[in-house]
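The questions below ask what grounds there are for the terms used of this model, and each answer sets a value against its cut-off.

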Amino acid sequence: MTHPNPRQLGTCASGMPRALGAVRQLGALRQYGASCPTPTTRHGGPEDTPSGEPAPGPPGPPPGGPRGGPVRGAAGTRPPARPDLGARWPAHTTAVRLPADGPGDDRAAFYRRIRDEHGPVAPVLLEGDVPAWLVLGYREVVYVAGTPALFGRDCRIWNAWDRVPPAWPLQSMVGQRPSLRALDGPAHARRLGAVGDVLGMFEPHGLRARAASGADALIDALAGDGRAELMTQYASPLPAMVAAGMWGLPDTDLAALARDLTLLVSGGTGARDARRRAHAMLTRVVRRRRAQPGDDAVSALLTHPAGLRDEEVVEDVMATLIAGQAPTADWIGNTLRLMLTDPRFATDLAGGRLSVGDAMAEVLWADPPIQNLVARWARRDVRLGGRWIRAGDLLLFGLSAANSDPWARPQPTGRPSGNHAHLAFGHGEHRCPYPAQMAAETIATTAIEVLLDRLPDLELAVEPRDLRWRPSVWTRGVAALPVRFTPP
């Protein structure tokens, strides 16, 4: 698979982008200033700068443009005022509340309204009125992800811990665990390198054989009825089946494992309990493999030269499964939905069927499985997208919104398979490692091709408008995909 990420920005010692050619360099300097801002107090004053004074250095673009300050007059969802919110986060008195159940079918319009009113970096409130910044601009996401000197993964520096309510449903997404997701620099490279090496042991043809075998078994179980619900009966269990074989996990209740991993990536009620169940299961697997190594990825991690401790292996396998199971299932489901509802994937203008690869690529641009991501914490006060971000502020990556940024993709062609510059796999040192991307693509491609080959007259059993997205602001997947077909 061609690497899906655009060329990562280099950085100078101060954290600014290196020269990218005269035109792009000038744009970066105008956007972020000629040098990194001087750190100031954490909570600061009014919105314009951390100290309440005019910003130092070269000014940003005019406030009326999409890369400047807020554009007033557009509709937005206003939160009720909290006494301490305006004092500590002045910009968040006009923040947009991110709905826990997602923006619904009008997702594109929802993010477009936020971009029109607030620009590429918008103040938002999470559940419990927890403040954060939603980074909707493509180049802003690339900059933040590619500048670890200014934006890191260590959530201990978060300046809003005191506002997090008890039993916060998003706790598992923050990553306050000894996982590779919470590390930066050499420590992260050590852990990620071990995971990448282990996943790299699985060749594409072997993964395809595992996925095809699992797909055939699932289709055999549902084919006799002539009707099926593809999310629960096919798209969700198949990645879990392949993962169980790769990692040496017990296959006694893969459906329960798939449900728990989906809860963890989607957030909401039940995520904490799901994490405890998955963690307990992986702890048992690691202890068993430590005592009796096998031919599986957990055993390979335990014997890797990186010398990972048992708890490190548990957490890193957990992070890998969370990032792989539900997103791969939704990639399969979203692609099947597109192919079953869009006439371009029956016949195009040339009279030939667009490929599975075309549909999969379009989904990664338009409906990526991960919509928004708890991404980084600012290490110091910095200006981003016309906003002052204070040290300790939380930044969310709006991956779907960034993919549709008109500055990055002004004219979608309808045939995006040759353009892999989407952000569906992230960017920077914390992006999904290539072996994991390859595994997800192999599983998803095989799942779709085998299904369409075995059930060639597959069609939706409901009207396309009756399909519903799973309620989540973090993920994008159809709640159910009912189909009918002629039993083989």
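**Grounds for the terms used**

His118 is found in helix 3, which covers residues 107-118, in a model that is predicted.

Q: Why is His118 called buried?
A: The relative accessible area of His118 is 0%, and since buried means under 20%, His118 is buried because its value satisfies that cut-off.

Q: What makes the pairing of the side chains of His118 and Arg387 a polar contact?
A: The side chains of His118 and Arg387 are paired at 3.2 Å, and a polar contact requires N or O atoms within 3.5 Å, one able to donate a hydrogen and the other to accept it, so the pair is counted as a polar contact.

Q: How do you know which class each residue lining the second largest cavity falls into?
A: The second largest cavity, with about 40 Å³ of space, is lined by Leu98, Ala100, Leu126, Glu127, Leu170, Val473 and Trp474. Glu counts as charged, whereas Leu, Ala, Val and Trp count as nonpolar, and therefore the lining has six nonpolar, no polar and one charged residues.

Q: What makes Tyr234 a residue to name in the largest nonpolar core?
A: Tyr234 is among the residues with the most contacts inside this core of 107 residues, to which helix 13 (residues 310-341) gives the most, with 12 residues. Leaving aside neighbours within four places in sequence, the contacts of Tyr234 include Ala215, Leu218, Ile219 and Val450.

Q: Which residues does the second, separate core include?
A: That core of 31 residues includes Ala95, Phe110, Leu126 and Trp474; Leu126 and Trp474 also line the second largest cavity.

Terms used. Residues are numbered from 1 along each chain as its sequence is written. This is a predicted model: local features need pLDDT of at least 70, side-chain atom pairs count only at pLDDT 80 or more; totals for chains, interfaces and linings use all residues. Side-chain values use heavy atoms; hydrogens and water are left out. Helices (H or I, at least four residues) and strands (E, at least two) are DSSP runs, numbered from the N terminus. Buried means under 20% relative accessible area, exposed over 50%, partly exposed in between (1.4 Å probe, protein chains only). On a 1 Å grid over the protein atoms alone, a cavity is a set of points where a 1.4 Å probe fits but cannot get out, and a pocket is an open set with protein on both sides within 12 Å along at least five of seven lines; lining residues have an atom within 4 Å of a point. Grid points are joined across faces, edges and corners, and a volume is the space filled by probe spheres set on the points. A nonpolar core is a set of buried Ala, Val, Leu, Ile, Met, Phe, Trp, Tyr and Cys residues joined through side-chain atoms within 4.5 Å. Contact means heavy atoms within 4.5 Å.
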